[in-house]
Amino acid sequence: MAKLTLKLKKKEEVADDTMAFYWQVPDDFTFKAGQFGDFTLLDPPETDEEGNTRAFSFVYSPAENQLVTTTRIRNTAFKRVLRDLKEGTEVSFDGPHGGFTLHKTETTPAVFVIGGIGITPVRSMIVQALKENTSHQMTLLYSNKTPKDAPFLDEFEQLAKEHDNFTFVPVMTRASKDEWKGEHGHIDEDMLKRYVKDVSAPIYYLSGPADMVQAMHEMLVKAGANEDNIRMEEFSGY
Ligand SMILES: Cc1cc2nc3c(=O)[nH]c(=O)nc-3n(C[C@H](O)[C@H](O)[C@H](O)COP(=O)(O)OP(=O)(O)OC[C@H]3O[C@@H](n4cnc5c(N)ncnc54)[C@H](O)[C@@H]3O)c2cc1C
């Protein structure tokens, strides 16, 4: 763990109201796929009672050699300042932190049950495992309101075509039948069982806003998942 200064290299929109921030990678910086860091704005033009620090997961994998964070841009002082940061601006960084990382036993399948921005640490884990050619069977159930709200949708579809051990199940909660031909509605027990034959076998990964994580935890336990095999990263603050 280290306290560092990171410089913004570039920023881009990756879905509706969702931006990716690319930071210069400090010398000798290492992290594990799934970890996060605390980012503090330095001398921001505005602030509020929530302060100038937020935790963000690394969305790229260590193998990609890029330090990238992705966030929903909401109308808070922190996010307004972040959205408008100029390239070259420095922020203070504390990290990496966290143990939300992929299990080592490759014969145990991994199932990721994710809503919206919770995808950030999971993209890192999945891409890292695929780049390392591990033999984990990985299934991602990924829920968003509409395709335009879903960061990395095309990328996951492409990865699933290229890798037999990765199954991608995008789910839309508010898309019309014309707009979306895949799964509709909320991820529930019936949907889970269509894609996970033995519900008690995998290690499950849940991340994102606390309400979503708690609801998915409840659903998994009811469906027959082993509670000891559910790993969670709650994005407190959403
Ligand atoms: C380990 C960890 C990893 C995380 N990784 C990520 C990540 O990769 N990407 C990411 O985006 N976030 C991540 N978060 C959450 C992040 O740190 C912020 O808490 C979050 O982005 C909200 O920040 P904010 O400035 O939008 O809201 P805040 O200013 O922090 O919000 C303060 C309060 O107001 C409420 N609120 C504010 N705006 C709205 C709104 N528009 N609608 C409803 N309620 C509102 C919030 O619910 C909250 O209670 C992570 C958190 C943790 C703990």
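Visitor: Which of the 20 residues around the ligand come nearest?

Guide: That would be A55, T71, T76, T120 and Y238. Keep in mind that this is a predicted model. A residue gets into that group by having a heavy atom within 4 Å of the ligand.

Visitor: What makes the approach of A55 to the ligand a polar contact?

Guide: The cut-off is 3.5 Å between N or O atoms. In A55, a backbone N or O atom sits 2.7 Å from a ligand oxygen, so the pair qualifies. S57 also uses a backbone N or O atom, at 3.1 Å from an oxygen atom of the ligand, and that passes too.

Visitor: And what part of T71 is involved, backbone or side chain?

Guide: The side chain: one of its N or O atoms is 2.6 Å from an oxygen atom of the ligand, so this is a polar contact by the 3.5 Å rule. As for cover, the ligand taken alone exposes 970 Å², and the protein buries 73% of that.

Visitor: Which elements give two or more residues to the shell?

Guide: They are β4 (53-57), β5 (67-72) and β12 (230-235). β4 gives the most, with four residues. Sorted by class, the shell has six nonpolar, seven polar and seven charged residues.

Visitor: How do you know that the ligand lies between domain 1 and domain 2?

Guide: Domain 1 (2-97) and domain 2 (110-235) both give residues to the shell, so the ligand lies between them.

Visitor: Why is the space lined by F21, W23 and others called a cavity?

Guide: A cavity is a set of grid points where a 1.4 Å probe fits but cannot get out. The structure holds one of 30 Å³ or more, and the volume of the largest is about 70 Å³, so it clears that mark. Its lining includes F39, F56, T71 and V91. The elements giving two or more residues to this lining are β2 (18-23), β3 (36-41), β5 and α1 (77-84). By class there are eight nonpolar, four polar and no charged residues.

Visitor: What makes the peptide bond from G95 to P96 cis?

Guide: Its omega is near 0°. P96 belongs to strand β6 (residues 90-97). For context, most peptide bonds are trans.

Visitor: And what is notable about phi of D17?

Guide: Phi of D17 is near 50°, a positive value in a residue other than glycine. Most such residues have a negative phi. D17 is in the loop between β1 (2-15) and β2.

Definitions and conventions:
Residues are numbered from 1 along each chain as its sequence is written. This is a predicted model: local features need pLDDT of at least 70, side-chain atom pairs count only at pLDDT 80 or more; totals for chains, interfaces and linings use all residues. Side-chain values use heavy atoms; hydrogens and water are left out. A polar contact is a pair of N or O atoms within 3.5 Å; within protein, one must be able to donate a hydrogen and the other to accept it, and residues adjacent in sequence count only if both atoms are side-chain atoms. Accessible areas come from the Shrake-Rupley method with a 1.4 Å probe; for residues, only the protein chains shown count as cover. Ala, Val, Leu, Ile, Met, Phe, Trp, Tyr, Cys and Pro count as nonpolar, Asp, Glu, Lys and Arg as charged, and the others, Gly among them, as polar. Domain bounds come from an automatic or database domain assignment. On a 1 Å grid over the protein atoms alone, a cavity is a set of points where a 1.4 Å probe fits but cannot get out, and a pocket is an open set with protein on both sides within 12 Å along at least five of seven lines; lining residues have an atom within 4 Å of a point. Grid points are joined across faces, edges and corners, and a volume is the space filled by probe spheres set on the points.
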